[in-house]
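Let's walk through this structure together, one contact at a time. Have the sequence and the 3D view ready, and follow along at your own pace.

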Amino acid sequence: KVFSHDEASDSSGFIMLNGLELSNERHHTALGIDSYIGDETSLEDGVKKIIAAGGVPILNHPQDPVVTAKDFLATTGLTHLEVFNRGRPEDTPATEMLWDSVLSSPAGRIVYAVASDDNHYNQKNVGRGWIMVKSPALTKEDIKENIRNGNFYASTGVIMNDYQVEKNTISIDSENGDLITFIGKNGEVLSKVSGNKATYKIQVKEKYVRAKITNTAGAAAWTQPLFVN
């Protein structure tokens, strides 16, 4: 559907966030910026300009070309990456390894994963990867702030009904998941539970825990990492 100006400005059910893909050097998304930016000279420079413009920087397709954990950590202010990119779905396993490498590094920091269509005017790529944001209100600032803070999950079709952390126990309830895998430091599989619901008791020795929910239709969802300390 093509939205008219009146429809697009109606905040009761639809909003748009400004953004663009910086591509002079390493492709990365400038999500939610409040002014035009461009002419970046490096990934670091682009991230700096995005943050200065009030946006959230996201590293696009980390395997094309490859960004190492060392390079990622050397980029100040970069805390989001595409774990799934519809144009390169075969890269997802390697990107999950990169994600765990960054999270597990002694110099690591929390990093949030997104999924995206990366659609270039191809109808078959629409609605293949997205994020579901938990936000108190459907406003640009609330949505952007909760994306910035990791209050969302990435999906290619698995829907989460609920995600809770209480008394060191993670509880997951999915609408259409068949297998829930809890993952920790260095990508270690901590537990696998068949079905659409699961719980996991966090151990003090663990650095972080994240979950991946999959189903037999080939869809997946990724929760954000929970750092134990």
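**Starting from Q63**

Find Q63 first: leaving aside its neighbours within four places in sequence, Q63 is in contact (heavy atoms within 4.5 Å) with R26, D91, A94, T95 and L98. Before going on, note that this is a predicted model, where local features need pLDDT of at least 70 and side-chain atom pairs count only at pLDDT 80 or more, while totals for chains, interfaces and linings use all residues. Residues are numbered from 1 along each chain as its sequence is written, and side-chain values use heavy atoms, with hydrogens and water left out.

Q63 sits in the loop between β3 (56-59) and α3; helices (H or I, at least four residues) and strands (E, at least two) are DSSP runs, numbered from the N terminus. The side chains of Q63 and T95 are joined by a polar contact of 3.4 Å, that is, a pair of N or O atoms within 3.5 Å, one able to donate a hydrogen and the other to accept it, where residues adjacent in sequence count only if both atoms are side-chain atoms.

Now look at helix α4, residues 92-104. Among its buried residues (under 20% relative accessible area, 1.4 Å probe, protein chains only) are T95, L98 and W99.

Where does α4 lead us? The largest nonpolar core (buried Ala, Val, Leu, Ile, Met, Phe, Trp, Tyr and Cys residues joined through side-chain atoms within 4.5 Å) has 22 residues, and F72, L81 and V83 have the most contacts inside it. The largest share of this core, four residues, comes from α4. L81 touches T95, L98 and W99, among others.

Key: Expected span 1.5 Å × (residues − 1). Buried < 20%, exposed > 50% of the residue type's maximum accessible area, 1.4 Å probe, protein only.
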